[in-house]
Amino acid sequence: MKVGILGWGAIGSWVGEKLYNGSIPGVTLEAVASRNYRLPAPVKCIEPLELSECVDVVIETAGHEAVNDYVPGLLEKGIRVVLVSTGALRDQGLYDELAKAGGDRLILSTGAIGGVDIVRACRQAGNIESITLSTTKPSLALERPWMSAEMIAQIREGREVVECYRGSALAATELFPESVNVAATLAFAAGSWEPVDVRIFADPLATLNSHKIDIVSDIGLYKVEVSNHPLPSNPKSSALVGASLLRSLHDLTTNLPTFM
């Protein structure tokens, strides 16, 4: 299976180097589309929509704008796309466009969290009353230009844990597009944005990116907690995101029994 990568930031380059070194038998890195292409290997760097001419699957790691600009065209040309930037789908118009272009070829990555299977099962079994996502990251990974001067000062001083956000998943994906795609992932697994609430904390002592998920449903109460090592090249991103993408590619190619 030939793979193309849309985006060559921390996650895209990590996955690309793994593929180039043969981490998944039968899967090859064929091409990359990115303004930041720096791979020291004989792999083509091409325009995003040209990926459809030479690959079977595209891994999207380029961010929300790239999803809007390029993913509909790739789907229309029959290419399967594994999406990291699930928060882009908060735009209902884009979501509808992708569904029309080839929703059955769009694969949403589970990214930096576990428990997506539980949320999906609860959705099928009955009502999901609430999902609370509490995300904690190293302080400097969460500073944003829109924050108040007081909050930015608290984050930079690094004296205490700062609650940067408390509210809906929909708003969280807009305010922290690089950091809480997991909120969107939970909402799509639940089939609605409504039950998902988000809290985001900047911790000056944190060395890991942590996500705590509390699920209240008709069939049970569930708690999922993950603590991920950040990628060395970008503390906003977790290594598990890249590993999840490799797992998706493996599942697309294996002829052995797999989980669903």
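# A guided tour of the predicted model

C54 is buried, with a relative accessible area of 16%. This residue is a convenient starting point for a tour of the structure, which is a predicted model. Select C54 together with C45: the sulfur of C45 is the nearest cysteine sulfur to that of C54, at 11 Å, and C54 takes part in no disulfide. How many disulfides does a search of the whole structure find? The search finds zero. A further cysteine to display is C164, which counts as buried because its relative accessibility, 6%, falls under 20%.

**First helix pair: α1 and α8**

Select residues 10-20, which form helix α1, and residues 239-253, which form helix α8. Their axes come within 9 Å and cross at roughly 45°. The two helices are therefore oblique to each other. With both in view, the crossing of α1 past α8 is right-handed.

Next, show the side chains where the two helices meet. On the α1 side, the residues are I11, W14, V15, K18 and L19. On the α8 side, they are A239, V241, G242, A243, L245, L246 and L249. Of the residues in this contact of α1 with α8, 10 are nonpolar, one is polar and one is charged.

**Second helix pair: α2 and α3**

Move to helix α2, residues 64-76, and to helix α3, residues 92-102. What is the angle at which the axes of α2 and α3 cross? They cross at roughly 20° and come within 7 Å. That angle is under 35 degrees, so α2 is roughly parallel to α3. The crossing of α2 past α3 is left-handed.

To see the contact, display V67, N68, V71, P72, L75 and E76 of α2. Opposite them, α3 contributes L94, E97, L98, A101 and G102. The contact of α2 with α3 comprises seven nonpolar, two polar and two charged residues.

**The loop before α3: L89**

Now select L89, in the loop that runs between strand β5 (80-83) and α3 (92-102). Is L89 buried or exposed? L89 counts as buried, at 2% relative accessibility. Show what surrounds L89: leaving out residues up to four places away in sequence, L89 touches L83, Y95, L98, L108, F188 and W193. One of these, L98, also belongs to the contact of α2 with α3. Another, F188, is 99 residues from L89 along the chain, yet the C-alpha atoms of L89 and F188 are separated by 9.1 Å.

**Third helix pair: α4 and α7**

F188 leads on to helix α7, where F188 is among the residues that meet α4. Select α4, residues 116-125, and α7, residues 181-190. These helices pack at an angle of about 30°, with their axes 8 Å apart. That makes α4 roughly parallel to α7.

From α4, show V116, V119, R120 and R123; from α7, show T185, L186, F188, A189 and A190. The residues of this contact of α4 with α7 divide into six nonpolar, one polar and two charged.

**Within α7: L186**

Keep α7 in view and select L186, which is found in that helix. L186 counts as buried, with a relative accessibility of 0%. Which residues are in contact with L186, leaving aside its neighbours within four places in sequence? They are I113, V119, I131, L133, V196 and I213. Of these, V119 is one of the α4 residues that meet α7. For a distance to check in the viewer, take L186 and D117: they are 69 residues apart in sequence and 10.0 Å apart in space, C-alpha to C-alpha.

**Two last loops: P177 and R144**

The loop between α6 (169-175) and α7 (181-190) holds P177. P177 is partly exposed, with a relative accessible area of 25%. Add D91 to the selection: P177 and D91 lie 86 residues apart in sequence and, C-alpha to C-alpha, 13 Å apart in space.

Finally, select R144, placed in the loop between strand β7 (128-138) and helix α5 (149-157). R144 is buried, with a relative accessible area of 5%. Its contacts, apart from neighbours within four places in sequence, are I152, L175, F176, E178, S179 and K236. Displaying these residues around R144 completes the tour.

Conventions: Residues are numbered from 1 along each chain as its sequence is written. This is a predicted model: local features need pLDDT of at least 70, side-chain atom pairs count only at pLDDT 80 or more; totals for chains, interfaces and linings use all residues. Side-chain values use heavy atoms; hydrogens and water are left out. Axes are lines fitted to C-alpha atoms, for helices over the stretch in contact, and angles run from 0 to 180 degrees between N-to-C directions. Helices (H or I, at least four residues) and strands (E, at least two) are DSSP runs, numbered from the N terminus. Angles under 35 degrees count as roughly parallel, over 145 as roughly antiparallel, 65 to 115 as roughly perpendicular and the rest as oblique. A crossing is left-handed if the near helix is turned anticlockwise from the far one by less than a right angle, and right-handed if clockwise. Contact means heavy atoms within 4.5 Å. Ala, Val, Leu, Ile, Met, Phe, Trp, Tyr, Cys and Pro count as nonpolar, Asp, Glu, Lys and Arg as charged, and the others, Gly among them, as polar. A disulfide is a pair of cysteine sulfur atoms within 2.5 Å. Buried means under 20% relative accessible area, exposed over 50%, partly exposed in between (1.4 Å probe, protein chains only).
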